[in-house]
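Welcome to this tour! Open your viewer, keep the selection box handy, and follow the stops below.

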Amino acid sequence: MIDVIVAGGGPTGLMLASELRLHGVRVVVLERLAEPTGQSRGQGLHARSVELMDQRGLLDRFLAVSRKFQVGGLFGGVIKPWPDGLDTAHPYGLAVPQPVTERLLNERALELGAEIRRGSELVGLSQDEHGVTVGLADGTELRSRYLVGCDGGRSTVRGLLGVGFPGEPSRVETLLGEMEATEDPETIAAVVEEVRRTELRFGAVPQGDGVYRVGVPAEGVAEDRAAAPTIEEFRRRLRAVAGTDFGVRSPRWLSRFGDATRQAERYRVGRVLLAGDAAHVHPPTGGQGLNLGVQDAFNLGWKLAAEVNGWAPEGLLDSYHTERHPVGARVLENSRAQMTLLGSDPGATALRGLFSTLMDFEEVNRYVTGMITAVAVRYDLGEGHELLGRRLRDVRLERGRLYELTHGGRGLLLDRTGRLSVEGWADRVDHVVDACEELDAPAVLLRPDGHVAWAGADQRDLLAHLPRWFGAAAG
Ligand SMILES: Cc1cc2nc3c(=O)[nH]c(=O)nc-3n(C[C@H](O)[C@H](O)[C@H](O)COP(=O)(O)OP(=O)(O)OC[C@H]3O[C@@H](n4cnc5c(N)ncnc54)[C@H](O)[C@@H]3O)c2cc1C
């Protein structure tokens, strides 16, 4: 039997498939589309996602096809220099179009042995004590032990589960697409600069060969947001907002997005889980959605694998919701706040000016950048050491670096004392003794997602914490 069916082969589903394969889980990804759309929604990876790629040995592949950027804040259109002292060894983002990210994650999932079935749409599901039965659009059925809905904002899985998706509906809509523009580039640049003084939802970014990525506020909110706009609608809105339509023609793709913020009430119902846009939608302000989804997958992958492989302690799989739901809620909140800052009315303009001044305080810039890049995420693992619940940044070791040791996705005890032991858990947890000067603790126990599960120096205390994350000691 298949262990896990992943519905949806977007960034979240592909990342999850790879994480599961690291632990030998038999995984099938069902992707409705026969071919990728090529639509570049997500524009890049923030620092925490860059770290994830490094943790799994994928960073070189991304560096080869992307450009580093160091922009602080990225909040509500207020751009500032990168802050000092952000807690990461990767103080930058990567500008990489979403189709490229998807291609690299797809290649990786295939290399690790995931089966990816394109042109395969999930239309039904039922679950019982032992597994999940999935109905496909071609009338066939598949059976697996678990199902994860990574099937995007209009998630069929979420709908079939009957999980509530409360939140705020869209109040504004933006048209987005790539198309040729016949107007000369200097004129386009001048118009964009002028209009963006008051309308930050407007933009035209050259993509090469006379093609532009154009964003323009729509007139209202479409009844059917799944229906793509026409090039004529673009021309009309460009003329209304910018006074010229730039001679746009020959669209590569056209789409629309709103500013709804909604979050699934539960990320788990029995043997079915939700991740990525299927679990939360919010406006693309700050470029967080793809990153959030990939990070959901990173949290869920090892926990679900532990469940499948039979060593998951009680409550481990439920900790996916407990940890990731609050993180998603905070992103919804900050993206909604950014939409207010992006407004074109005088109040919003005044607020943006004030916010820009506040961002000149290094500490504010560091706080906001830590939030948008997700390096500041800390799971509530109870009282304890300052590092507890945070992911550990990459640190230099006497030989090599920490993240070079985490490619296999196992737990890891980084031990400066040389007196500790993970005997009984050695099949799940590596033990590295290293004087590591950059570590602010005698020893840390890292989960496979790199978050600190324990910090200290006492073997008995360590033994009390290992089972919470890694199950019972081997007999
Ligand atoms: C204009 C815009 C700009 C954005 N910019 C950024 C950015 O800069 N940075 C960022 O991090 N995020 C950005 N985002 C958000 C980002 O694009 C999404 O958050 C991201 O794509 C979510 O990934 P996902 O895998 O969860 O869902 P999706 O990418 O939506 O993938 C879901 C997949 O499931 C498939 N599917 C759906 N239903 C079924 C079914 N029933 N059976 C089988 N397959 C199914 C779909 O075909 C799709 O391939 C932006 C979004 C928009 C709209």
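Two strands count as paired if DSSP finds at least two bridges between them. With that in mind, note that this is a predicted model, and then select strand 23 (residues 443–446) together with strand 24: 3 bridges join them, and the two run antiparallel.

**Stop 1: the sheet around strand 23**

Zoom in on a single pair here. Which residue stands opposite Val444 in strand 24? Color Val444 and look across to strand 24, where you will find Ala455.

Now widen the selection to the whole sheet. This is an open sheet of 4 strands in the order 22-21-23-24, and its pairing is mixed. At its edges are strand 22 (429–433) and strand 24 (452–455), each of which pairs on one side only. Step from one strand to the next and you will follow a twist that averages 15 degrees. As general background, strands of a sheet pair through backbone hydrogen bonds, and they can do so in parallel or antiparallel fashion.

Next, add helix 12 (residues 459–470). Helix 12 lies across strand 21 (411–415), strand 22, strand 23 and strand 24. Its direction is at about 170 degrees to strand 24.

**Stop 2: a sheet of three strands**

Select strand 12 (167–168) and strand 20 (280–281), the edge strands of another open sheet, where each pairs on one side only. The sheet has 3 strands in the order 12-17-20, with antiparallel pairing. To see one of these pairings, show strand 17 (residues 261–263), which is joined to strand 12 by 2 bridges. Within strand 17, Thr261 is the residue opposite Glu168.

Which helix lies across strand 12, strand 17 and strand 20? Select residues 319–341 to find out: this is helix 9, running at about 175 degrees to strand 17.

**Stop 3: a hairpin**

Now pick strand 9 (residues 122–127) and strand 10 (residues 132–136). They run antiparallel and are joined by 5 bridges. Together they form a hairpin, with 4 residues between the two strands. Label Gln127 and then its bridge partner in strand 10, Val132.

**Stop 4: the ligand and its shell**

Finally, center the view on the ligand. There are 29 residues around the ligand, and those that come nearest are Thr12, Glu31, Gln98, Asp277 and Leu290. Color the shell by class and you should get 9 nonpolar, 14 polar and 6 charged residues.

Where do these residues come from? Helix 1 (11–21), strand 2 (27–31) and helix 8 (289–308) each supply at least two of them. Helix 8 gives the largest share, with 3 residues.

Turn on distances to explore contacts with the protein backbone:

- Pro11: a polar backbone atom is 3.3 Å from an oxygen atom of the ligand.
- Gly287: a polar backbone atom is 3.0 Å from a nitrogen atom of the ligand.
- Gly289: a backbone N or O atom lies 3.3 Å from an oxygen atom of the ligand.

Now show the ligand's surface. On its own the ligand has 990 Å² of accessible area, and the protein covers 89% of that.

Technical notes
Residues numbered from 1 in each chain as written. Predicted model: local features only at pLDDT ≥ 70, side-chain atom pairs only at ≥ 80, totals over all residues. Heavy atoms only, no water. Near = heavy atom within 4 Å. Polar contact = N/O pair within 3.5 Å; in protein donor to acceptor, adjacent residues only side chain to side chain. Areas by Shrake-Rupley, 256 points an atom, 1.4 Å probe, with all protein chains shown as cover. Nonpolar A, V, L, I, M, F, W, Y, C, P; charged D, E, K, R; others polar. Contact = heavy atoms within 4.5 Å. Axes fitted to C-alpha atoms, helices over the stretch in contact; angles between N-to-C directions.
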